[in-house]
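User: Hi! I'm new to this one and would like to look around a bit. Can you walk me through a few spots?

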Amino acid sequence: MKRSELAVFDAEDVRALLDYPSCIAAVREAMKALSLGETRQLLRTMIHMGEGRTFAQMPGALSDRGMFGAKLISVFAEPDNPGVRRHRGIVTLFEPLEGRPVCVADAEEITHIRTAAATAVATEALAREDAEVLLLMGTGGQVHSHLEALPLVRRFERVLIWGRDTAKAREVVEAWQGRLPVEVAPDPRAAAGQADVICTLTGARQPILHGAWLRPGTHVNIVGSSGPGPVEVDSALVLASRFIADSKASALDAAAEFLVARDAGVVGDDHIVAEIGEVLLGHVPGRRSADEITAYKSLGHAVQDLASAAHIYQTHKSRNG
């Protein structure tokens, strides 16, 4: 392999080449392909390297004749910022004709964008059409990417920001004032009772959102936990919701909130009624009524990363010949 044959995209390149509308479209198609069985991916494997330190590998292929590759990423806690974890790594993409590696892209920036894009895809499919109030729970990097993505699929009249540290929630609001109708939500229970769409975007180890707080018709995106252990919502919420996952196989292995509810005997495996790809394809209904509570469990998948990297690579090629 020659150095000139491998394109390298840093975080700035990723932001320039992967806009949110394009990423939403790429993720939507990737999730449909996953549910059709056209993609290939293994369950995420993780090597734990001590408290707050994990190395994860996520290999996959967009199809038998499509781009393939892997995301290699470290998830390390920030020593000086408790509760904050950085996702540093690379997405490596191979072309399908000769099996040559063609690009390496910054995984942290791809993860930020594609995670919010996946939430937007689920929200578009599952939230009520008349949803007006959005609650984002968390004040880390994902709150900003979700503020970019979610207004692309619903027109929100109010956007509530809650964090365990109210000062950080206020900083988020100050950063977005003038662009969106953002406001600090000091009380999570009261905010949840007003919201039509809720996203949990934290590293919380105990529930920050409870099923008893929700009003009929709410859609919840459970995003922060990507493995067994930390839970962001309680078992009552899992039970009360029409529960949809990005991947059933992954959810049965790593969807913490569902696993806690199942192990407590609250729900069975059949409580995962569909993958989001099955809903997008029209194979399984998503929301069935205006009053139904829906929940989407996002774990993140290699095919989302690879679809995003493929878009970056193809956009770069088209702009540079």
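User: Which residues is Ser298 in contact with, leaving aside its neighbours within four places in sequence?
Analyst: Those are Ile222, Val223, Ser225 and Asp246. Keep in mind as we go that this is a predicted model.

User: And where does Ser298 lie?
Analyst: Look at the loop between S15 and H11; Ser298 lies there.

User: Is Ser298 buried or exposed?
Analyst: Ser298 counts as buried, because its relative accessibility is 3% and the cut-off for buried is under 20%.

User: You listed Ser225 there. Where is Ser225 found?
Analyst: Ser225 is in the loop between S12 and H7. Ser225 is buried too, with a relative accessible area of 4%.

User: What does the side chain of Ser225 reach?
Analyst: The backbone oxygen of Pro230, at 2.8 Å. Apart from neighbours within four places in sequence, the contacts of Ser225 include Thr202, Glu232, Lys297 and Leu299, as well as Pro230 and Ser298. Ala256 and Glu257 are also among them.

User: Which residues are buried in helix H9?
Analyst: H9 covers residues 256–263, and its buried residues are Ala256, Glu257, Phe258, Leu259 and Ala261. So two of the contacts of Ser225, Ala256 and Glu257, turn up in that list as well.

User: What do the buried residues of H9 pack against?
Analyst: Quite a mix of elements: strands S12 (219–222), S13 (242–245), S14 (272–275) and S15 (294–297), along with helices H7 (235–240) and H8 (248–254).

User: Which residue with a positive phi follows H9?
Analyst: That's Gly265, with a phi near 80°.

User: Switching to helix pairs. How do the axes of H2 and H11 cross?
Analyst: The axes of H2 (residues 20–36) and H11 (residues 302–320) come within 9 Å and cross at roughly 135°. That angle makes H2 oblique to H11. As for handedness, the crossing of H2 and H11 is right-handed.

User: Which residues make the contact?
Analyst: From H2 you have Ser22, Cys23, Ala26, Val27, Ala30, Met31 and Leu34, and from H11 Val303, Gln304, Ala307, Ser308 and His311. Sorted by class, the contact of H2 with H11 has eight nonpolar, four polar and no charged residues.

User: How about H3 and H4, how do their axes cross?
Analyst: H3 (residues 107–126) and H4 (residues 141–149) have axes that come within 8 Å and cross at roughly 50°. H3 is therefore oblique to H4. The crossing of H3 and H4 is right-handed.

User: Which residues of H3 and H4 make that contact?
Analyst: H3 brings Thr111, His112, Thr115, Ala116, Ala117, Thr119 and Ala120, while H4 brings Gly141, Gln142, Ser145, His146 and Ala149. In the contact of H3 with H4, four residues are nonpolar, eight are polar and none is charged.

User: H4 passes H5 too. How do those axes cross?
Analyst: The axes of H4 and H5 (residues 166–176) come within 11 Å and cross at roughly 35°, and the crossing is right-handed. The contact involves Val143, His144, Leu147 and Glu148 of H4, together with Val172, Ala175 and Trp176 of H5. By class, the contact of H4 with H5 has five nonpolar, one polar and one charged residues.

User: New topic: where is Leu280?
Analyst: Leu280 lies in helix H10 (residues 276–281). Leu280 is partly exposed, with a relative accessible area of 25%. Setting aside neighbours within four places in sequence, Leu280 is in contact with Arg28, Met31, Lys32, Val121 and Ala125.

User: Last one, Glu183. Where is its place?
Analyst: Glu183 is in strand S10 (residues 182–184). Glu183 is partly exposed, at a relative accessible area of 29%.

User: What joins the side chains of Glu183 and Arg158?
Analyst: A polar contact of 3.0 Å. Beyond neighbours within four places in sequence, Glu183 is also in contact with Val159, Leu160, Ile161 and Val173, in addition to Arg158.

User: And what separates the C-alpha atoms of Leu280 and Glu183?
Analyst: They are separated by 32 Å, and the two residues are 97 residues apart along the chain. For another pair, Glu183 and Ala33 are 150 residues apart in sequence and 38 Å apart in space, C-alpha to C-alpha.

Technical notes
Residues are numbered from 1 along each chain as its sequence is written. This is a predicted model: local features need pLDDT of at least 70, side-chain atom pairs count only at pLDDT 80 or more; totals for chains, interfaces and linings use all residues. Side-chain values use heavy atoms; hydrogens and water are left out. Helices (H or I, at least four residues) and strands (E, at least two) are DSSP runs, numbered from the N terminus. Buried means under 20% relative accessible area, exposed over 50%, partly exposed in between (1.4 Å probe, protein chains only). Contact means heavy atoms within 4.5 Å. A polar contact is a pair of N or O atoms within 3.5 Å; within protein, one must be able to donate a hydrogen and the other to accept it, and residues adjacent in sequence count only if both atoms are side-chain atoms. Axes are lines fitted to C-alpha atoms, for helices over the stretch in contact, and angles run from 0 to 180 degrees between N-to-C directions. Angles under 35 degrees count as roughly parallel, over 145 as roughly antiparallel, 65 to 115 as roughly perpendicular and the rest as oblique. A crossing is left-handed if the near helix is turned anticlockwise from the far one by less than a right angle, and right-handed if clockwise. Ala, Val, Leu, Ile, Met, Phe, Trp, Tyr, Cys and Pro count as nonpolar, Asp, Glu, Lys and Arg as charged, and the others, Gly among them, as polar.
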